[in-house]
Amino acid sequence: MSDPAASIPEHLPGEPPLREWGPAALLLELTRKLLLLGALLLLSLPFWPVYLVARCFLRRPPNITPLARILRCLGWIAAERVPPPGLSDAGRIALALSVLQHWAVAPLFGLAWFLDELLYGRALRRVAITAPLFELSAARSGSTQLAHYLEDDPRICAPSLLQSFLPYVWLWRLAAAVPARLVSRERVRQA
């Protein structure tokens with residue numbers, strides 16, 4: 001057991017130091033985030049009307065953050081409640097831009113979910129998941145090694161990290177049509 005009175009070091013041995021941003025680098029980073037937000041909005045703009053019409057008839061997809069939560073997070077960032085006080089104004093702006101980037105792609109991911117429901121929803125609801133196994137672990141605790149052991153068990157199936165980020169059956173069926181000489185199945189599985 002460790003002594004609770006002992007001081008906690010600011011940095012652990014081998015941990016990289018926090019990067020200090022100069023004014024020029026900070027301005028460049030904020031400009032990059034703002035340009036990325038603009039590009040994402042331009043990309044998703046044609047999909048917003050279709051998504052909003054679909055939302056009139058269908059429930060919000062579970063992979064889309066509710067607008068009320070987005071607004072609440074932006075309010076917390078502005079009110080210095082989250083993250084802890086002490087973050088610079090530029091840091092708050094960068095954090096707010098990241099939240100807005102997440103919101104900007106909502107119609108793309110929402111329509112992808114609706115398409116999956118339309119094409120494969122009935123079949124997916126018929127799949128029985130028996131005895132699910134969830135691996136929850138702390139960082140640097142051997143979880144990757146445990147995951148490798150579990151992947152080697154033929155009775156257990158799990159999505160790859162890429163499939164977890166893009167959980168759409170239609171997309172993976174489309175990806176399966178990509179010739180193996182361009183991207184091997186093993187390469188996709190490891191991603």
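Here is a walk through this predicted model, from the overall fold down to single side chains.

Let's start with the whole chain. Its secondary structure comes to nine helices and zero strands, so if you trace the elements from the N terminus, you read α-α-α-α-α-α-α-α-α. There are 191 residues in the chain, and 19% of them are buried. The accessible surface adds up to about 15200 Å², with 66% of that belonging to carbon and sulfur atoms. How much of the contact map joins residues at least 24 apart? Taking the contacts between residues at least 6 apart in sequence, 68% do.

Now zoom in on helix α1, which covers residues 23-44 and holds L42. L42 counts as exposed because its relative accessibility is 63%, and the cut-off for exposed is over 50%. In sequence, L42 and A104 are 62 residues apart, yet their C-alpha atoms sit 9.1 Å from each other in space. Helix α4 takes in residues 89-104, so A104 is the residue where that helix ends.

Q101 is also in helix α4. Is Q101 buried or exposed? It counts as buried, because its relative accessibility is 11% and the limit for buried is under 20%. Setting aside residues up to four places away in sequence, Q101 touches K33, L36, L37 and L40. Those four partners fall within residues 23-44, the span of helix α1, so Q101 is a spot where you can see α4 touching α1.

Next, the charged pairs. As a rule, side chains of opposite charge can pair when their charged atoms come close. How many salt bridges turn up in the whole structure? The search finds three.

One of them is back in helix α1, where the side chains of E29 and R32 meet with N and O 2.7 Å apart. E29 and R32 are three residues apart in that helix, which means about one helical turn separates them. R32 is partly exposed, because its relative accessibility is 41%.

Another salt bridge joins the side chains of R125 and E117, at 3.0 Å from N to O. R125 counts as exposed because its relative accessibility is 58%, while E117, at 35%, is partly exposed.

D153 and R155 also form a salt bridge, and their closest N and O atoms are 2.8 Å apart. Here the two partners fall in opposite classes: D153 is buried because its relative accessible area is 17%, whereas R155 is exposed because its own value is 74%.

To finish, take a look at the surface around helix α2. This helix runs over residues 47-57 and includes R55. R55 belongs to a patch of positive charge on the surface, where it gathers with R60, R69 and R72. With a relative accessibility of 30%, R55 counts as partly exposed.

There is a nonpolar patch to find as well. Which residues make it? V53, F57 and L58 do, and the patch is about 340 Å². L58 is placed in the loop between α2 and α3, the latter being residues 67-78. L58 counts as partly exposed, because its relative accessibility is 42%.

How values were computed. Residues numbered from 1 in each chain as written. Predicted model: local features only at pLDDT ≥ 70, side-chain atom pairs only at ≥ 80, totals over all residues. Heavy atoms only, no water. Patch = residues over 30% accessible without salt bridge, like charges linked within 9 Å, V, L, I, M, F, W, Y side chains within 5 Å. Areas by Shrake-Rupley, 256 points an atom, 1.4 Å probe, with all protein chains shown as cover. Salt bridge = Lys/Arg side-chain N within 4 Å of Asp/Glu carboxyl O. Lys, Arg positive; Asp, Glu negative; His and termini not counted. Charge placed at Lys NZ, Arg CZ, Asp CG, Glu CD. Helix = DSSP H or I, 4+ residues; strand = E, 2+ residues; numbered from the N terminus. Buried < 20%, exposed > 50% of the residue type's maximum accessible area, 1.4 Å probe, protein only. Contact = heavy atoms within 4.5 Å.
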